[in-house]
Amino acid sequence: MSGRSPTRSLIAATVAFLALGVAACSDSGGSAPGPGSGRAGESTAAQSRGEGQDSSPYWVDPQSDAARQVEAWDAQGRDADADVLRRISERPVAGWPSGDDPAPDIRDAVRGAAKAARTVVLVAYNIPHRDCGQHSAGGAPDADAYRRWIGAFADSIGSAPAIVVLEPDAVAHIVDGCTPPEEHDERTALLSEAVDRLKRQPKTKVYLDAGNPAWIDDPGKLVEPLRRAGVERADGISLNVSNFQTDEAVKSFGSQLSALLGGAHFVIDSSRNGNGPLSGGRTDAWCNPTGRALGTPPSDRTGDPLLDAYLWIKRPGDSDGECRGGPAAGTWWPDYALGLARRAKV
């Protein structure tokens, strides 16, 4: 991907194997309770740093890969590593429901969020011809299959409060030419229909993805395809999904694009941008770059009237693809997760 948004393709057996067998990792990197739980066994040092004290309105999944990894490391006596990884496991991250059937993943999340009186954050990532055949290739086999999928996605949310980030990269790939011209009309039509379908749910907010400033440097190029994709009926746009651009750079880009769209609001993926992007313009700088860090924790308190939220949309610790020693896109990678957490400016 150029954006990048990994496929959510977790397999329970793989997670269990990694949790039990992963070796200790270096800083170069290559079930946790909910927010503010005061969990038994949590180190005094971690509590004194204020880690895990999530004050956002978003749901923290107690059975996430990071949470299971913390549990495994606690059992192995890797207390220091477990404490550091709680910087991920005790923060809300987005769910990426299955491309086969999104309903089970979403229903589980909605039930968990309801018990905690929180908002669930989800990513709809199944557009046909996804990622132009690159690391996260796939998606629905055709337009009708996508319509059924997005319908099941919306139905599963029901009346729960939810934020949906709609199809990372889909519009930007139209702009950069990766998606061939003969597929443009179908793609924007499907996105527009998806906005309308999701907005039928009474408490669902929809943010149509618009890439990042290092990818599409001229925000004006995004305006027309975003409009064709229904942005004016959405709640806004999402920016920096699975990328590493700084909050400041993304806010500047978002403000420019907002002005061109009549004041559209936006959300920023700050999951891994704590150290900004990889320097030097290296090849595949978006794909598992070394030396990165967790960014601004999820929050709807942004101090910017156009910026609705900082979100962790990309799940920190999920691989971007088979580059720099990483596993397949969307696969949990404990070494990389620990590196991100260690470098976080807590």
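**Exercise 1. Place S242 in the chain and decide whether it is buried or exposed.**

Step 1. S242 sits in the loop that joins β4 (236-239) to α10 (247-260). The model used here and in the exercises below is a predicted one.

Step 2. The relative accessibility of S242 is 0%. Buried means under 20%, so S242 counts as buried.

Step 3. The backbone of S242 has a phi near 65°, which is a positive value in a residue other than glycine.

**Exercise 2. Do the same for A117: find its loop, its phi and its exposure.**

Step 1. A117 belongs to the loop between α5 (103-116) and β1.

Step 2. Its phi is near 55°, a positive value in a residue other than glycine.

Step 3. The relative accessibility of A117 is 69%. Exposed means over 50%, so A117 counts as exposed.

**Exercise 3. Find the residue covered by the annotation "active site" and describe its surroundings.**

Step 1. In the UniProt record, an unreviewed entry, the annotation "active site" covers D131.

Step 2. D131 is located in the loop between β1 (120-124) and α6.

Step 3. With a relative accessible area of 3%, D131 is buried.

Step 4. Now take D169, in the loop between β2 (162-166) and α7 (170-175). The C-alpha atoms of D169 and D131 are 7.2 Å apart, while 38 residues separate the two in sequence.

Step 5. D169 has a relative accessibility of 3% and therefore counts as buried.

**Exercise 4. Describe the loop positions G211 and S299 and list their contacts beyond four places in sequence.**

Step 1. G211 is part of the loop between β3 (204-209) and α9 (220-228). Its relative accessible area is 3%, so G211 is buried.

Step 2. Apart from neighbours within four places in sequence, G211 is in contact with A172, S238, L239 and N240.

Step 3. The C-alpha atoms of G211 and P168 are separated by 7.2 Å, with the two residues 43 apart along the chain.

Step 4. S299 is in the loop between β5 (266-269) and β6 (307-311). At 17% relative accessibility, S299 counts as buried, because the cut-off for buried is under 20%.

Step 5. Leaving out neighbours within four places in sequence, the contacts of S299 are S56, Y58, D308, A309 and Y310.

**Exercise 5. Which residues of the largest nonpolar core touch the most other members, and which helix gives the largest share of this core?**

Step 1. The largest nonpolar core has 52 residues, and F153, L166 and L226 touch the most other members.

Step 2. Helix α6 (residues 143-157) provides the largest share of this core, with eight residues.

Step 3. A separate second core of 19 residues has L294, W332, W333 and Y336 among its members.

Step 4. Return to F153. Outside its neighbours within four places in sequence, F153 is in contact with P97, P102, I106, L122, V123, A124, V164 and L198.

**Exercise 6. Work out how α6 packs against α8 and against α5.**

Step 1. Helix α8 (residues 184-199) and α6 have axes 10 Å apart and pack at an angle of about 20°. Angles under 35 degrees count as roughly parallel, so α6 is roughly parallel to α8.

Step 2. The crossing of α6 past α8 is right-handed. Residues in this contact include Y146, I150, F153 and I157 of α6, and L190, A194 and L198 of α8.

Step 3. For α5 and α6, the axes come within 9 Å and cross at roughly 20°. This makes α5 roughly parallel to α6.

Step 4. α5 also passes α6 in a right-handed crossing. On the α5 side the contact is made by A103, I106, R107 and V110, which meet F153, S156 and I157 in α6.

**Exercise 7. Classify the packing of α4 and α11 from its angle.**

Step 1. Helix α4 (residues 79-89) and helix α11 (residues 334-342) have axes 8 Å apart, at an angle of about 80°.

Step 2. The range from 65 to 115 degrees counts as roughly perpendicular, so α4 is roughly perpendicular to α11.

Step 3. The residues D81, V84, L85, R87 and I88 in α4 meet A337, L338, A341 and R342 in α11.

Terms used:
Residues numbered from 1 in each chain as written. Predicted model: local features only at pLDDT ≥ 70, side-chain atom pairs only at ≥ 80, totals over all residues. Heavy atoms only, no water. Core = buried A, V, L, I, M, F, W, Y, C linked by side-chain atoms within 4.5 Å. Buried < 20%, exposed > 50% of the residue type's maximum accessible area, 1.4 Å probe, protein only. Helix = DSSP H or I, 4+ residues; strand = E, 2+ residues; numbered from the N terminus. Contact = heavy atoms within 4.5 Å. UniProt positions renumbered as here; feature names shortened; annotations may be inferred. Axes fitted to C-alpha atoms, helices over the stretch in contact; angles between N-to-C directions. Parallel < 35°, antiparallel > 145°, perpendicular 65-115°, else oblique. Left-handed = near helix turned anticlockwise from the far one by under 90°.
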